[in-house]
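Here's a quick tour of the inside of a protein model. Have a look at the structure first, then read on for its core and pockets.

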Amino acid sequence: MALSRQFRALVRVGTFFAAAWGVIGTILSMLTGAPFLPSLVTYGAMFGVVGGLSGISTALLLARGERGGDVGQLPTWRVASWGFFGGVIPGGVFSLLAVALGAADVLVPLLAVSVFSGGVGSVLSGSAAVAAKRVGSGAPEEQSKLPAT
């Protein structure tokens with residue numbers, strides 16, 4: 001069964017965000033000085049799941065908000081803005097769950113993580129948009145050719 005082009009794009013964006021967040025989690029694990037292998041796997045997996053959710057949220061927001069337009073044709077700031085909002089969504093959902101379950105004492109840390117996640121989502125989306133524009137324009141291939149002497 002063939003998957004639709006949009007679904008494959010959604011999976012790619014989610015995987016890209018999950019991998020980037022997994023690397024961030026692994027680096028944070030190393031910085032905390034926790035036992036090496038178990039914390040690498042745990043932090044990497046936890047951050048990867050949140051990154052995947054953030055990537056899927058970003059892809060859905062971008063597809064819905066831009067009505068299926070080509071990402072390579074959009075201004076980078078707009079793609080980065082959608083990335084920020086997509087990054088905030090998982091932390092916002094967890095914050096709402098914390099309030100609903102009566103754990104309001106963790107609300108401020110969750111909101112701080114949510115804003116950080118939005119910033120990372122913005123950077124990842126903006127960099128992906130720049131890469132899409134370069135691939136679409138064919139500029140790197142033209143610049144790499146040496147002039148004849």
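A nonpolar core here is a set of buried Ala, Val, Leu, Ile, Met, Phe, Trp, Tyr and Cys residues joined through side-chain atoms within 4.5 Å, where buried means under 20% relative accessible area with a 1.4 Å probe, protein chains only. This is a predicted model, so to speak of local features takes pLDDT of at least 70 and side-chain atom pairs need 80 or more, while totals for chains, interfaces and linings use all residues. Residues are numbered from 1 along each chain, and side-chain values use heavy atoms, leaving out hydrogens and water.

**The core**
- The largest nonpolar core has 5 residues: F17, A20, W21, V120 and L124.
- Helix 1 (5-32) and helix 4 (107-137) each bring at least two of them; helices are DSSP runs of H or I, at least four residues, numbered from the N terminus.
- Helix 1 gives the most, with 3 residues.

**Around W21**
- Beyond neighbours within four places in sequence, W21 is in contact (heavy atoms within 4.5 Å) with F47, G48, G51, S54, F116, S117 and V120.

**The pockets**
- A pocket is an open set of points on a 1 Å grid over the protein atoms alone, where a 1.4 Å probe fits, with protein on both sides within 12 Å along at least five of seven lines; lining residues have an atom within 4 Å of a point.
- The largest pocket has a volume (the space filled by probe spheres set on the points) of about 870 Å³.
- Helix 1 supplies the largest share of its lining, 10 residues.
- The second largest pocket holds about 200 Å³, and W21 is among its lining residues.
- Helix 4 gives the largest share of that second lining, 5 residues.

Definitions and conventions: Buried < 20%, exposed > 50% of the residue type's maximum accessible area, 1.4 Å probe, protein only. Helix = DSSP H or I, 4+ residues; strand = E, 2+ residues; numbered from the N terminus.
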